[in-house]
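Trainee: I should like to learn how features of a model are read, one at a time. May we begin with the backbone and then proceed to the metal sites and the core?

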Amino acid sequence: MNITYYGHSCFLVEFSGTKLLFDPFITPNDLAKDIDVSAIEADYILLSHGHADHVADAIQLAKQTGAKVVSNYEIIQWLGREGIENGHPMNHGGAFNFDFGKVRYVNAVHSSALDDGTYLGNPGGFIVSNNQHRFYYAGDTALTMDMQLIPRYGKLDFAILPIGDNFTMGIDDAITASDFIQCNKVLGVHYDTFGYIKIDHQDATEKFKQAGKELVLAEIGSTVDL
Ligand code: NI
Ligand code: MN
């Protein structure tokens, strides 16, 4: 499956021909300044939680692409107030069959509010699946025992996990998360963007390798096949 990385926790998955864009935060990200946001196409935009570093470009991209936005109930209500009518609200533990496959909104341990105090529900992650593929995007989260539930929904092809520490799991906990979800192929996100979350790439990939796992750290703007 092709995944294009737009920096931080923003990436586009080409899922059986449908373009799924996650957590758009591009224009405020200095590391992603070469990305042309106006050229991004998406059929769906999935938002894990309501922090600015996950939703900064959501309104613009929803308008530009006409994509349906999938997120928690409170985020979809907020987008509605901002003029984005094409939303699909979910909440934790629920799954829904879209035209490309099933999306399940799952637990994350984190927070979810805009800087102005706007309450944007509780943070989550997603399992996306159809009869050929399945992947898990954890969103921003701590390592949590709830991750042991993820493989009960079926074998994952790959997972997208935050690895930057400070605001989310760091490398060591991401390796444990990889055990919990029974998936050894991980695309790392949520690192390097801010001073608090700078990581040593070589050290991170080496730690995964020593645990018998693969950590992919994609160049911003590049497309990787997972
Ligand atoms: Ni966050
Ligand atoms: Mn974040």
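Trainee: In which loop is aspartate 165 found?

Mentor: This is a predicted model, and in it aspartate 165 belongs to the loop between β11 and α4.

Trainee: What is the phi of aspartate 165?

Mentor: Most residues other than glycine have a negative phi. Aspartate 165 has a positive phi, near 65 degrees. With a relative accessible area of 47%, aspartate 165 is partly exposed, because the partly exposed class runs between 20% and 50%.

Trainee: Where does aspartate 23 lie, and is aspartate 23 buried or exposed?

Mentor: The loop between β3 (18–22) and β4 (44–46) holds aspartate 23. Its phi is also positive, near 45 degrees. Aspartate 23 has 0% relative accessibility and therefore counts as buried. Glutamine 182, which follows α4, likewise has a positive phi, near 55 degrees.

Trainee: How should I read a metal site, and which residues are the protein donors of the nickel ion (ligand 1)?

Mentor: One lists the donor atoms, then their spacing and their angles. For the nickel ion (ligand 1), the protein donors are His49 (NE2), His51 (ND1), His110 (NE2) and Asp140 (OD), at 2.2 to 2.3 Å. Along the chain they follow the spacing H-x1-H-x58-H-x29-D. The angles among the four donor atoms run from 88 to 174 degrees, and the site is irregular.

Trainee: Which distant parts of the chain does the nickel site link?

Mentor: Histidine 51 comes from the loop between β4 and α1, and histidine 110 from the loop between β8 (102–107) and β9 (124–129), 59 residues apart. Histidine 51 is buried, at a relative accessible area of 17%, whereas histidine 110, at 26%, counts as partly exposed.

Trainee: Which residues coordinate the manganese ion (ligand 2)?

Mentor: Asp53 (OD), His54 (NE2), Asp140 (OD) and His190 (NE2) coordinate the manganese ion (ligand 2) at 2.1 to 2.2 Å. Their spacing in sequence is D-H-x85-D-x49-H. Aspartate 53, in helix α1 (residues 52–55), and histidine 190, in the loop between β12 and α5, are 137 residues apart. Both of these residues are buried.

Trainee: How far apart are the manganese ion (ligand 2) and the nickel ion (ligand 1), and which residue coordinates both?

Mentor: The two ions are 3.0 Å apart, and aspartate 140 bridges them.

Trainee: How does one read the nonpolar core, and which residues touch the most other members?

Mentor: One looks for the members with the most neighbours, then for the elements that supply them. The largest nonpolar core has 52 residues, of which Phe22, Phe135, Tyr136 and Leu161 touch the most other members. Helix α4 (residues 171–180) gives this core its largest share, five residues. Apart from this core lies another, of 26 residues, including Ala32, Val37, Ala42 and Ile45. Leaving aside neighbours within four places in sequence, phenylalanine 22 is in contact with several residues, among them Cys10, Leu46, Phe126 and Phe135.

Trainee: Which residues of α4 are buried, and against what do they pack?

Mentor: In an α-helix there are 3.6 residues a turn, so residues three or four places apart point the same way. Ile171, Ala174, Ile175, Ala177, Ser178 and Phe180 are buried in α4. The buried residues of this helix pack against β11 (158–162), β12 (185–189), α5 (201–210) and β13 (214–216).

Trainee: How many disulfides does a search of the whole structure find?

Mentor: A disulfide is a covalent bond between the sulfur atoms of two cysteines. The search finds zero disulfides in the whole structure. Cysteine 10 is buried at 0% relative accessibility, and cysteine 183 is buried with a relative accessible area of 2%.

Technical notes. Residues are numbered from 1 along each chain as its sequence is written. Chains are lettered from A and ligands numbered from 1 in the order in which they are written. This is a predicted model: local features need pLDDT of at least 70, side-chain atom pairs count only at pLDDT 80 or more; totals for chains, interfaces and linings use all residues. Side-chain values use heavy atoms; hydrogens and water are left out. A nonpolar core is a set of buried Ala, Val, Leu, Ile, Met, Phe, Trp, Tyr and Cys residues joined through side-chain atoms within 4.5 Å. Buried means under 20% relative accessible area, exposed over 50%, partly exposed in between (1.4 Å probe, protein chains only). Helices (H or I, at least four residues) and strands (E, at least two) are DSSP runs, numbered from the N terminus. Contact means heavy atoms within 4.5 Å. Donors are N, O and S atoms within 2.8 Å of the metal (3.2 Å for Na, K and Ca); water is not among the atoms, so sites may look incomplete. A disulfide is a pair of cysteine sulfur atoms within 2.5 Å. Four donors count as tetrahedral if all angles lie between 85 and 135 degrees; four count as square planar and six as octahedral if opposite donors are over 155 degrees apart and all others between 65 and 115; anything else is irregular.
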